[in-house]
Amino acid sequence: MQIIIVGCGKVGITLTEQLVNEGHNISVIDLDSNVVTSVSNEFDVLGVTGNGASYNVQLEAGLDHADLLIAVAGSDELNLLCCLIAKKMGNCNTIARVRNPIYSKEIDVIREEMGLSMIINPELAASYEMSRLLRFPSAKKIDTFAKGRVEIVKIAISEGSPLCDHSIMELLSKYKYDVLVCAVERGDEITIPNGSFVLKEKDIISVVASPRSSSQLFKKLGIANSQVKDAMIAGGGEITYYLASQLLDMGISVKIIELKKERCERLSALLPKATIINGDAIDQSLLLEEDLSHSEAFISLTNFDEENILLSLFAKSVSNAKIITKINRISFDTVIDSLDLGSIIYPKHVTAEYIIRYVRAMQNSIGSNIETLYQLIEDKVEALEFVIRGESPVVGVPLERLNLKNNLLLCSINRRGKIIIPRGQDELQIGDTVVVVTSHKGLDDISDILA
């Protein structure tokens, strides 16, 4: 597809890289000529310097032939104007990033009235992911499918765990819960395992199951799975506002530490049930005075990655809290992953996943499309949820007879609300939603699972 991206910030560059890798023709627009030159040279895309809300600039970027325009510039209003012009003048699909909480309750109205295909709020989307993790603190990551009926829960195997040194087949036979281990991270190695795969201490496993089945299994294994009672948040930005609102609704007490007095006053007005502390979160004595050592969760959401990393490391050293760390840049992701910062959230990755899911769904060919897409293991393994809407080569054939791609696993089938963890004799039917985990990139249709 021909796609125009307005804005070459962190999200714009991430989208450009991923969409180029998936074979799309990309044009980028930005006011900064140096940034445009850098991005166009690195990814071999057409770069246009100018205001993305200008019709002539959009024409220069290929609006006449564009299938989609994605506006992720720094201004919400600019993004909405870019999309309005592209929709009215170019009649293409449009996606806008809108971050201001003022618009959060008007998103659906704005999208419908302006004819936008999607509006994405990165901070709100990231906060949803964090709140899921605080509901199940032992998890490093939780992704949901089938409208919440299926989860992929990522946990680390600790020393002395009953999972150690047993094959997946042995464990399923022993515990008899309807779950499936769909991915294993062992150091730098990523495996989509079969039943004979033996789990080891320090492995990070991704388990597919209904929330009830996963909860029962983890309880049996002695893994804590009750939501936290309180949370301390460092930083008082927009993600903090969204997250705190959700946590308070969940019955979790919230304490926020924010340096700017004006922002503290604003948060106090917006979140009257939260405790707002005016102070510097990097001050260790302040954190200890506010009882960090007994907090059940600590979330570092300042605007600086370095501060977030240091805060999480300190919290880990003085408490048993569930740690969540927000990271904006990914230049040193390998180093960051080795620091054991608890659950790491990259807001721009969350945004990119939403948008790429939509792009993939636009391309579906046979009658199934992507409902949900997650980077299960960053840039290495994807989890996708397909809805089978029409006839397909995979329908009505026992799974054991399908010639599936290597490094691909069918994890669950949602059939009219009933969750099926698939076995060899099961068949896919029209109307099913199917979760697939794979290391192959660019799957657009359920038929792409075939070799």
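1. A cavity, as the term is used here, is a set of grid points where a 1.4 Å probe fits but cannot get out. The model under review is a predicted one. By this rule, the count of cavities of 30 Å³ or more comes to 1.

2. The space within the largest cavity amounts to about 130 Å³. Its lining consists of 15 residues, and those lying nearest the centre are L163, L171, L172, V179 and L217. Three elements give two or more residues each to this lining: helix 7 (168–175), strand 11 (204–209) and helix 8 (211–220). Helix 7 provides the largest share, with 4 residues.

3. The chemical character of the lining deserves a remark. Of the lining residues, 14 are nonpolar and 1 is charged, while no polar residue takes part.

4. Helix 8 merits separate attention, as one of the elements that contribute to the lining of the largest cavity. Its buried residues are S213, S214, L217 and F218. Viewed down the axis of helix 8, these buried residues fall within an arc of 125 degrees, and therefore they line one face of the helix. L217 is thus named twice: it is buried in helix 8, and it is among the residues nearest the centre of the largest cavity.

5. What covers the buried residues of helix 8? The covering includes strand 8 (150–156), helix 7 and strand 11. Two of these, helix 7 and strand 11, also appear among the elements that give two or more residues to the cavity lining.

6. The other side of helix 8 carries the exposed residues R212, K219 and K220. Just after the helix, G222 adopts a positive phi of about 80 degrees.

7. Turning to the whole protein chain, the model contains 14 helices and 22 strands. Of the 451 residues in the chain, 55% are buried. Among contacts with a separation of 6 or more, 60% are between residues 24 or more positions apart in the chain.

8. On overall dimensions, the C-alpha trace spans about 65 × 60 × 40 Å along its principal axes. How does the radius of gyration of the protein chain stand against that of a compact globule, and what are the two values? A compact globule of 451 residues would have a radius of gyration near 22 Å; the chain has 23 Å, which agrees.

Technical notes. Residues numbered from 1 in each chain as written. Predicted model: local features only at pLDDT ≥ 70, side-chain atom pairs only at ≥ 80, totals over all residues. Heavy atoms only, no water. 1 Å grid on protein atoms, 1.4 Å probe; cavity = no way out; pocket = protein on both sides within 12 Å on 5 of 7 lines; lining within 4 Å. Points joined across faces, edges and corners; volume = space filled by probe spheres on them. Nonpolar A, V, L, I, M, F, W, Y, C, P; charged D, E, K, R; others polar. Buried < 20%, exposed > 50% of the residue type's maximum accessible area, 1.4 Å probe, protein only. Arc of directions from axis to C-beta. Contact = heavy atoms within 4.5 Å. Rg over C-alpha atoms; globule rule 2.2 N^0.38 Å.
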